[in-house]
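Grab a pencil and have a look at the sequence and the model. Below are a few exercises, each with a solution to work through.

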Amino acid sequence: MTAGPVVIIGAGHAGFQLAMSLRQHGFSDRIALLNDEGHLPYQRPPLAKAYLKGTGGPDSLMFRPEKFYSDQNIDLISDRAVSIDRGAHRLLLGSGWLDYGHLLLATGARNRLLDIPNANLADVRYLRILDDSEDMRKRLASSKRVVVIGAGFIGLEFAATARIKGLEVDVLELASRVMARAVTAEVSEYFQKQHTAAGIRIHLGVQATSIESDGADVTGVSLSDGRHVPADLVVVGVGVLPNVELAHEAGLPVAAGIIVDEQLLTSDPNISAVGDCALFASPRFGAALRLESVQNATDHARCVAARLTGDAKTYDGLPWFWSDQGADKLQIAGLTTGYDRVVVRGDREQGSFSAFCFKSGQLVGVESINRASDHVFGRRILGLNRSIEPEQAADTGFDLKGALT
């Protein structure tokens, strides 16, 4: 078991889970959880969905009330990490030094910023943290037309919410289909039809070239094809960048994330990295991965907590994701990169189907729309490293549960 205090940088899903799991595993030394936001640690997924619609206040998002941290003897410190002194096993905060026995980097990721003229205007917004969502609630109430730049999960979730709130919505996407980097063409096509039917205008194969204003307020967005789309609010969702600077400045190897091994340990035996910031070696997929999901963050945290309390294991979690867009729920099990065959199970017209993705005849992922039972099956069979035949996936009479026995 690790001796000395455990210091966790970042109080998102990974950081909170790590602190909680350490106590559940019987870790009795000090735990310091660094939180650089002015709120108790909270859930991120509702920020672009239910919370943005006006459902509940900040307290509804909190993982636990303040009393939980004192009861569990978790020091929740409102401060920011400045630098790591690896030789002395201490962390410089804005307010001074903090000693550690083991340091956990759960630094997450930040929004990729738009680099075009007038992108710094006040009405050009991003959505990542609670303060962003609070600000967006107010802006949705006073805006009439919004342009969303980026048709990924966050962009489309926000677009659907804005449309429900009565705004005119245009979505700009450079790729040839929505969510192109994340889902199959079959799923893209369904969601594009759903959003279009809701009155959202989707512009594919174009990019924003400048934000237009009247000198004070946003008036619209100019596109690469010469068109101009009017707007009084612009929301940007063009991906994120992992927060690796603290690790890099401390001499730890970084690339597309903080490089860690199959047990989520950096090159320093006293420092681990978890969640969105970690580029981890995955025996399951035979590659280094950096994933952005609640599942990845919390499973990473549980794995490291077990290692620090004497039960070291290789991280072998199966990735899964979800996105709520309007009335539709998308759930994804596995990673479908490199698939060569898609089999649809269910009824696309009724809005309840799954895309079973195969690579060389082996099931690699399942994308389900309003079909939770298929998602559960996908997680279970992929977790067992097993497969079914494409013909079985297409046959709605085939018993998926039976394939698990």
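The exercises that follow deal with strands, a loop residue and some charged pairs.

This is a predicted model, in which local features need pLDDT of at least 70 and side-chain atom pairs count only at pLDDT 80 or more, while totals for chains, interfaces and linings use all residues. Residues are numbered from 1 along each chain as its sequence is written, and side-chain values use heavy atoms, with hydrogens and water left out.

**Exercise 1. Find the strands that pair with S25, and work out why S25 counts as largely enclosed.**

Step 1: Helices (H or I, at least four residues) and strands (E, at least two) are DSSP runs, numbered from the N terminus. Two strands pair if DSSP finds at least two bridges between them.

Step 2: Start with strand S24, residues 341-347, which pairs with S25 in the antiparallel sense over seven bridges. Arg345 has Ser354 in S25 as its bridge partner. Four residues sit between the strands of this hairpin, and Gly351 takes a positive phi near 70°.

Step 3: Now try strand S26 (residues 362-369), which is also antiparallel to S25, again over seven bridges. Here Phe353 stands opposite Ile369. This hairpin has two residues between its strands, and Ser360 in the turn has a positive phi of about 55°.

Step 4: Check burial, where buried means under 20% relative accessible area, exposed over 50%, and partly exposed in between (1.4 Å probe, protein chains only). Strand S25 covers residues 352-359, and six of its eight residues are buried, so the rest of the structure largely encloses it.

**Exercise 2. Describe the surroundings of Asn243.**

Step 1: Locate Asn243 in the loop between strand S17 (240-242) and helix H6 (245-249).

Step 2: With a relative accessible area of 18%, Asn243 is buried.

Step 3: List what it touches, taking contact as heavy atoms within 4.5 Å. Neighbours within four places in sequence aside, Asn243 is in contact with Thr107, Gly108, Ala109, Arg110, Ile258 and Cys277.

Step 4: Look at Arg110 again: its side chain makes a polar contact with the side chain of Asn243 at 2.8 Å. (A polar contact is a pair of N or O atoms within 3.5 Å; within protein, one must be able to donate a hydrogen and the other to accept it, and residues adjacent in sequence count only if both atoms are side-chain atoms.)

**Exercise 3. How many salt bridges does the structure hold, and where do Arg201 and Glu168 sit?**

Step 1: A salt bridge is a side-chain nitrogen of Lys or Arg within 4 Å of a carboxyl oxygen of Asp or Glu. The structure holds 24 of them.

Step 2: Try a pair within a helix. Asp71 and Lys67 form a salt bridge, their closest N and O atoms being 2.7 Å apart. Both lie in helix H2 (residues 66-71), four residues apart, about one turn of the helix. Lys67 counts as exposed at 55% relative accessibility.

Step 3: Move on to Arg201 and Glu168, whose closest N and O atoms are 3.1 Å apart in a salt bridge. This pair links distant parts of the chain, 33 residues apart: Arg201 is in strand S12 (residues 201-204) and Glu168 in strand S11 (residues 168-173). Arg201 is partly exposed at 31% relative accessibility, and Glu168 is partly exposed at 29%.

Step 4: Widen the view. Arg145, Arg163, Glu168, Asp170 and Arg201 are linked in a network of salt bridges.
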